[in-house]
Amino acid sequence: MPRKLLLPYKSVFSHFRAPRGSHDSLAMTAARSGYRVFSANSTAACTELAKRITERLGAELGKSVVYQETNGETRVEIKESVRGQDIFIIQTIPRDVNTAVMELLIMAYALKTSCARNIIGVIPYFPYSKQSKMRKRGSIVCKLLASMLAKAGLTHIITMDLHQKEIQGFFSFPVDNLRASPFLLQYIQEEIPDYRNAVIVAKSPDAAKRAQSYAERLRLGLAVIHGEAQCTEQDMDDGRHSPPMVKNATVHPGLELPLMMAKEKPPITVVGDVGGRIAIIVDDIIDDVESFVAAAEILKERGAYKIFVMATHGLLSADAPRLIEESSIDEVVVTNTVPHEVQKLQCPKIKTVDISLILSEAIRRIHNGESMAYLFRNITVDD
């Protein structure tokens, strides 16, 4: 019987964190073992998460150059051999979403033409995830992006807290949708004094399932805000009113449809008791913060003495830092799936939870062919 050959990568991951001073040798071992990690963006803010991940893996970022030419075109150059290797592309999405998408597509295609064995995209916040429904004469942009990524050469995606879990069905290759809730729950337990006197709040009925999942695991009460102004996403505007009503339209004489009553939201109410308690609003994305600020004002009126907002993706667009600073919100806690260092400088209420641990472990398990079930333990469908 011939002796079984042990693959070199077994030694690479034997210690999760590399000792100081050994990164060069570990990086060389990683390269020989058949996997490399690249960052699809060269700006300091966007490479911060990639550096944290590679540090935990005991490797170095792959050598590449990503830049914008004077005419605005994106150019990517791979500076080392990737033939026959598993390649992980880490791409965080800054404010310039379209440039980030092109960087990812071009790098994936460059790696594909360089004969990489597998190309895995690590995209903590998946862009265009809010455009995953048909609205009037619009389009499902998220489906288009999924097709583009497959065409560019990606064979697998690691992401976190997709806005709609059904988005996974848009892809023709595997998608691992990780969850940030264990890290946010840990923050609540360790960083919020007297969290046992808190209540988990859903700022709309749509977020009630997520809030219920948090409340059950923390053994806390649940409150739901109902009747707020319609959210900017306009979830109900999904094509049922298309084509629009036309005055003096000709109606077929034999066609008499029942008259539909116009939808009208009731006055704002809070279902649940928040008086004398800490209110913790949970959601997946905090972008335009007007709805969160309005929810905080209502909770303050109902007697909540401290208000926290917790979300996975802190996009914090436009005047979000200023609005948060001037609002009744005491603290906004988000993960580092999206770069937001500038917003933190503008508003000290914004706190960050690092999720590089779970992303690096996902990379390790995928490369080694191990089960991903451990990363989803005690995770509910509603997270």
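This passage describes the predicted model of the protein, from its overall make-up to selected strands, helices and side-chain pairs.

The secondary structure of the protein consists of 11 helices and 14 strands. Of its 383 residues, 49% count as buried. Contacts between residues at least 6 apart in sequence were also examined, and 69% of them join residues at least 24 apart.

Strand β11 covers residues 278-286, and 9 of its 9 residues are buried, so the strand is largely enclosed by the rest of the structure. Two pairings of β11 are described here. With strand β8 (residues 198-202), β11 pairs in the parallel sense over 4 bridges. In this pairing, Ala-198 stands opposite Ile-278 of β11. With strand β12 (residues 306-314), β11 shares 8 bridges, and these two strands also run parallel. Here Ile-286 has Gly-314 in β12 as its bridge partner. Between β11 and β12 the chain passes through helix α8 (residues 290-301), and the resulting β-α-β crossover is right-handed.

Helix α6 spans residues 181-191, and its buried residues are Ser-181, Phe-183, Leu-184, Leu-185, Tyr-187 and Ile-188. The elements that cover these buried residues include strands β11 and β12. Also among them are α7 (208-218), β13 (331-335), β14 and α11. Strand β11 thus appears twice in this description, as a strand whose 9 residues are buried and as part of the cover over α6.

Asp-176 is located in strand β7 (residues 175-178). This residue is buried but has no salt bridge. The nearest side chain of opposite charge belongs to Arg-179, at a distance of 8.7 Å. A salt bridge requires a nitrogen within 4 Å of a carboxyl oxygen, so the distance of 8.7 Å to Arg-179 does not qualify. The side chain of Asp-176 does make a polar contact, of 2.7 Å, with the side chain of His-156. Leaving aside residues up to four places away in sequence, Asp-176 touches His-156, Ile-157, Ile-158, Thr-159, Ile-366 and Met-372.

Side chains of opposite charge can pair when their charged atoms come close. In the whole structure, 14 salt bridges are found. One of them links Arg-52 and Glu-48, whose closest N and O atoms are 3.4 Å apart. Both residues belong to helix α3 (residues 44-57), where a spacing of 4 residues separates them by about one helical turn. An α-helix has 3.6 residues a turn, so residues three or four places apart point the same way. Arg-52 is partly exposed, with a relative accessible area of 35%, and Glu-48 is likewise partly exposed, at 39%.

Arg-52 also meets the side chain of Asp-354 in a salt bridge, with an N to O distance of 3.4 Å. Asp-354 lies in the loop between β14 (350-353) and α11 (356-368), whereas Arg-52 lies in helix α3, so this pair ties together parts that are 302 residues apart in sequence. Asp-354 is partly exposed, with a relative accessible area of 23%.

A further salt bridge joins Glu-361 and Arg-365, and the closest N and O atoms of this pair are 2.8 Å apart. These two residues are 4 residues apart in helix α11, and about one helical turn separates them. Both Glu-361 and Arg-365 are buried. Elsewhere, salt bridges with shared partners join Glu-48, Arg-52, Arg-56 and Asp-354 into one network.

The last residue considered is Asn-98, which lies in helix α4 (residues 97-113). Asn-98 is partly exposed, with a relative accessible area of 46%. The side chain of Asn-98 is joined to that of Tyr-128 by a polar contact of 2.4 Å. Asn-98 and Pro-127 are 29 residues apart in sequence, and their C-alpha atoms are 8.9 Å apart in space.

How values were computed: Residues numbered from 1 in each chain as written. Predicted model: local features only at pLDDT ≥ 70, side-chain atom pairs only at ≥ 80, totals over all residues. Heavy atoms only, no water. Buried < 20%, exposed > 50% of the residue type's maximum accessible area, 1.4 Å probe, protein only. Pairing = 2+ DSSP bridges. Right-handed = clockwise from strand over helix to strand, strands pointing away. Lys, Arg positive; Asp, Glu negative; His and termini not counted. Polar contact = N/O pair within 3.5 Å; in protein donor to acceptor, adjacent residues only side chain to side chain. Contact = heavy atoms within 4.5 Å.
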